[in-house]
Every structure is written in C-alpha cells, then in structure tokens.
Amino acid sequence: MGRDPIELMSQRGLNKMRAAGRTAAELLHHLGQMVEPGVSTLAINDEAERWTTERGHVSAPLGYPGGPGSFPKSICTSVNDVVCHGIPSADQILKDGDIINIDVTPIVDGYHGDTSRTFIVGQAEDRVRELVEVTEQCLRLGIEQVRPGARLRDIGAAIQAHAEGHGFSVVRDFVGHGIGRIFHCPPQVAHYDNGDKTRLKPGMVFTIEPMINTGSWKVKVLGDGWTAKTKDGGLSAQFEHTLAVTLDGVEVLTLREGETYL
Ligand code: MF3
Ligand code: CO
Ligand code: CO
C-alpha cells in the first residue's frame, strides 16, 4: 500500500469528473425520494438503470468483475446489517425502521462518479439515528483532512476517532479508492489509521466512504460473493463522496447543481 503510482488528473479530466460527480449526486438524490416502507430494492435499482441510460450514461456496477461472477445489478443497496455491495432484489421490501445505503456510480463520458448515502426508512430508534448521523459526520471529518501535504492516514485517523468516540467501530476490509476513467485504482483510502504516510498532492482524485458499525468491525461475505454483512449482526451505515485534491484544499465532486459542501 502507498507504493503504487497515484495518477494526477489533468484539468480536462477534472472537468469530466465534475460532470460525472454531479450526475451521480443527482441520481442519488432522485433515488432517495423513492425510499419508503413497501418499496423493493429492485424497484430502486430499476429506476436507477432507467434514469442513467435515458441520459446516455452507463451504470458502472452492472457487470463489474469481482467475486465468483460480475455484479448483477446497476447499484448497490445495503440494508441494516449489510455493510456494502448488497444486491437489489424483488424479495427485499423496505420496512419502517430499516436503514438502507444506496451506492451509485454512473459512467459519464468515460469518467466515474461514485457516491452513496444511508437513508432511514420511516422512523428509527435513537441509537440507529445516531449511527447514521455519526457516519455522515465521519465522512465530513475525513474530507476536512484533505489538502496538499496531508497524509493519507490523517483521513482514517479523523474518522476512527469520531466513530470510536461514539462507541461505534470502523470497517477495515473495504476502503476508499482512486477513481477516474477506472472505477477502482490507487490510492487505497483506509477509514482507520493504518499508518499510511503517503502525502496528498493536487490532482489526486479519490473517494472516502466510511462504513461504521454499531458492534464489531468484522465482516463476512455471503455465498453470492458480493454481499458483505457484519459478523455479529449489528447495523452498518455508510456515506461516500468522490473528491479532488486542489492547490489549497479539496473539491467535493459528487454534489448536485448549486449544492455546496464545506
Ligand atoms: N460503488 C462501490 C464503491 O464505492 C463499488 C461497487 S462495485 C459493485 O466502490 F460491483 F459492487 F457494484
Ligand atoms: Co467507492
Ligand atoms: Co460507491
């Protein structure tokens, strides 16, 4: 880790990432409006595919290689104790009190925009709401570390301190990643302090996507080769943005038109 070359994106590439990021954010916002009791995760997936292809874009997850076979759907939908990479299904009907992470990655003019958030279905218990709020704060704290000269480990350290300070744990088996024309490339961005001293530079483009658990950080992958669940059955929440290191800080790329971040 930390030795692979990290691509620095050109201004032209960055402009394409801005378009892809904005599209991803608009799609995620659109899908979030579907979240309510009685809706299946397949219905959300199918609307994502319709919305994306109608605009001439491509869903990066659909057919993405990994596990025993490629990913079979257009988005990931991860409910309750699913940490990430949940596969949308007609059999999975959202119910009051569930939490669901929706993770979208449209490819726009060859570039990937990757963003996710966790939605609460109806009303949830206080500790569940706290998990979701703290996870969103973890993403924000991670993003606030990003500037030229900061180390990769600073991102994870900030996230870990906040999550553990609230009695939650940080998933270690999945990390943020470089992104551009390629969906997943260097660097790996751990969400805990893994000691990576790699210095951030202007033009680096990567995701931060902390997965935070109510119980242990340990995960297991189901027999489908994709669905990752908490080992202990505790809940898991996740938020994700794609961002670029700028000359003096950070630019969050996965924002809707007119939306601001910091
Ligand atoms: N969007 C996920 C990420 O944040 C990756 C999903 S890969 C898939 O990196 F194949 F599961 F869709
Ligand atoms: Co990602
Ligand atoms: Co994602």
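The largest pocket in this predicted model is the space taken by ligand 1. I shall begin there and then turn to the metal site.

Which residues come nearest to ligand 1? Of the 14 residues around it, they are Pro61, His177, His184, Glu209 and Glu240. Sorted by class, this shell consists of 6 nonpolar, 4 polar and 4 charged residues.

Let us now consider individual polar contacts. The side chain of His184 places an N or O atom 2.7 Å from an oxygen atom of ligand 1. For Glu240, an N or O atom of the side chain is 3.0 Å from an oxygen atom of the ligand. Asp103 has a polar side-chain atom 3.1 Å from a nitrogen atom of ligand 1. How much of the ligand does the protein cover? On its own, ligand 1 has 340 Å² of accessible area, and the protein covers 97% of that.

Two of these residues, Asp103 and Glu240, appear again at the cobalt ion that is ligand 3. Its protein donors are two OD atoms of Asp103, an OD atom of Asp114 and an OE atom of Glu240, at 2.0 to 2.3 Å from the ion. Along the chain, the donors follow the spacing D-x10-D-x125-E.

What is the geometry of this site? The site of ligand 3 is irregular, with angles of 59 to 167 degrees among its 6 donor atoms.

Finally, I draw your attention to Asp114. This residue bridges two cobalt ions, ligand 3 and ligand 2. The two ions lie 3.3 Å apart.

To summarise, Asp103 and Glu240 each have a side-chain atom in polar contact with ligand 1, and both also supply donors to the cobalt ion, ligand 3.

Notes. Residues numbered from 1 in each chain as written. Chains lettered and ligands numbered in written order. Predicted model: local features only at pLDDT ≥ 70, side-chain atom pairs only at ≥ 80, totals over all residues. Heavy atoms only, no water. Near = heavy atom within 4 Å. Polar contact = N/O pair within 3.5 Å; in protein donor to acceptor, adjacent residues only side chain to side chain. Areas by Shrake-Rupley, 256 points an atom, 1.4 Å probe, with all protein chains shown as cover. 1 Å grid on protein atoms, 1.4 Å probe; cavity = no way out; pocket = protein on both sides within 12 Å on 5 of 7 lines; lining within 4 Å. Sits in = over half its atoms within 2 Å of the grid points. Nonpolar A, V, L, I, M, F, W, Y, C, P; charged D, E, K, R; others polar. Donors = N, O, S within 2.8 Å, 3.2 Å for Na, K, Ca; no water. Tetrahedral: all angles 85-135°; square planar, octahedral: opposite > 155°, others 65-115°.
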